[in-house]
Amino acid sequence: MNSPARPKKSFGQHFLHERRYIERIVAAVAPRADDFLVEIGPGEGALTFPLLTAAGKLTAIELDTDLIPRLQQQAASIGELSIVHADVLKVDFTAMAQRAGVARLRVAGNLPYYISSPILFHCIDHAAAIADMHFMLQKEVVDRMAAEPGSKVYGRLSVMLQLACHVVPLFDVPPGAFRPPPKVDSSVVRLVPLARHERHDADPIRLHAIVKAAFAQRRKTLSNALRQVMDAETIRAAGIDPKARAEVLAPMDFVTLAKATGARLGTRDSE
């Protein structure tokens, strides 16, 4: 029997080992035989093998080469495990779905906390090719993802994710469920990309610039925070108070602002 892998700090590895939480995550994913499942960061396979047992096949994205042989060895008697040795931020999920001949992927994983936000943004860039996502993250991050306007933790991550997905926090996971225990609590969250009729029609580059600028200095009013991209009259004409702060605006208010900037911001982006 293989000895447990040694977690690597450089990869932010915390291996989930407590069975009851593993079972709850697998139940939340509810894998089916016809799913094209993708797991980000399988680690020692705590989620990999139960998901593989349920679905019969699974694609795992793993950066740590030391973990790959043991995953392949243990999976041989369970199902068809394909391992992509890559940085997940460089994986084209849209192309993966196209190569597999499926409309959409189902994605899951215990995400490394130090790059969880970049991974989330990368996934929503490919949201049209993803049916749903089930991730374990730092609880603080999940709180931010699901935060409502007016909350102290409502910000850029809240807005951008809620404009792309339905965000559903599921349950918390304590540090003791991992090896080694992280210094923070974790949470499992479900993300379901919005249906076509639910998606906004603003230019994504323009929208991102507006949201980033609006939250760069939270204490500033919109007219001050956005002065480089739009004036107070334009904000007011969009039906939004230029003296308001970003934290009180609903996600769709940022879409309204992005559309109100017209070609002006597009010109700035190209400079």
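Which residues do ring pairs link into a cluster? In this predicted model, the cluster is made up of Tyr-154, Phe-215 and Phe-254. Two aromatic pairs are counted in the structure. A pair of aromatic rings is described by the distance of the centres and the angle of the planes. For Tyr-154 and Phe-215 the centres are 6.0 Å apart and the planes meet at 75°, an edge-to-face arrangement. Tyr-154 sits in the loop between helix H6 (139–146) and H7, whereas Phe-215 belongs to helix H8, so this pair ties together parts that are 61 residues apart in sequence. Both Tyr-154 and Phe-215 are buried.

The third ring of the cluster, that of Phe-254, leads to helix H11. Phe-254 is one of the buried residues of this helix (residues 251–260), together with Pro-251, Val-255, Leu-257 and Ala-258. Because these residues cover an arc of only 165° around the axis, they lie on the same side of H11. The cover over them includes helix H7 (156–162), helix H8 (204–216) and helix H10 (232–237).

Helix H1 offers a second example of a helix with a buried side. Its buried residues are Tyr-21, Ile-22, Ile-25, Val-26, Ala-28 and Val-29. They span an arc of only 160° around the axis and are therefore placed on the same side of H1. An α-helix has 3.6 residues a turn, so residues three or four places apart point the same way. On the face of H1 turned away from the buried side are the exposed residues Arg-19, Arg-20 and Ala-27. Another arginine, Arg-24, lies over the face of Phe-171, at 4.0 Å from the ring centre.

After H1 comes Ala-30, which has a positive phi, near 50°. This alanine is located in the loop between helix H1 (19–29) and strand E2 (37–40), and its relative accessibility of 39% makes it partly exposed. A further backbone feature is the cis peptide bond from Arg-179 to Pro-180, with omega near -10°. Pro-180 is part of the loop between strand E8 (178–179) and strand E9 (186–193). Most residues other than glycine have a negative phi, and most peptide bonds are trans.

Attention now turns to strand E9. Six of its eight residues are buried, so E9 is largely enclosed by the rest of the structure. Strand E6 (residues 130–138) pairs with E9 in the antiparallel sense over six bridges. Strand E7 (residues 165–173) also runs antiparallel to E9, and eight bridges join the two. Val-189 of E9 illustrates both pairings: Phe-135 stands opposite Val-189, and Val-189 is also the bridge partner of Pro-169.

Phe-135 also appears around Leu-111. With neighbours within four places in sequence left aside, Leu-111 is in contact with Ile-40, Ser-116, Ile-119, Phe-135, Met-136 and Leu-137. Leu-111 lies in the loop between strand E5 (105–110) and helix H5 (116–125). Is this loop residue buried or exposed? Leu-111 counts as buried because its relative accessible area is 1%, which is under the 20% limit for a buried residue. By contrast with these contacts, Arg-218 is 107 residues from Leu-111 along the chain, and their C-alpha atoms are separated by 28 Å.

Notes. Residues numbered from 1 in each chain as written. Predicted model: local features only at pLDDT ≥ 70, side-chain atom pairs only at ≥ 80, totals over all residues. Heavy atoms only, no water. Helix = DSSP H or I, 4+ residues; strand = E, 2+ residues; numbered from the N terminus. Buried < 20%, exposed > 50% of the residue type's maximum accessible area, 1.4 Å probe, protein only. Contact = heavy atoms within 4.5 Å. Arc of directions from axis to C-beta. Pairing = 2+ DSSP bridges. Phe/Tyr/Trp six-rings, centres within 6.5 Å; stacked < 30°, edge-to-face > 60°. Lys NZ or Arg CZ within 6 Å of the ring centre and 35° of its normal.
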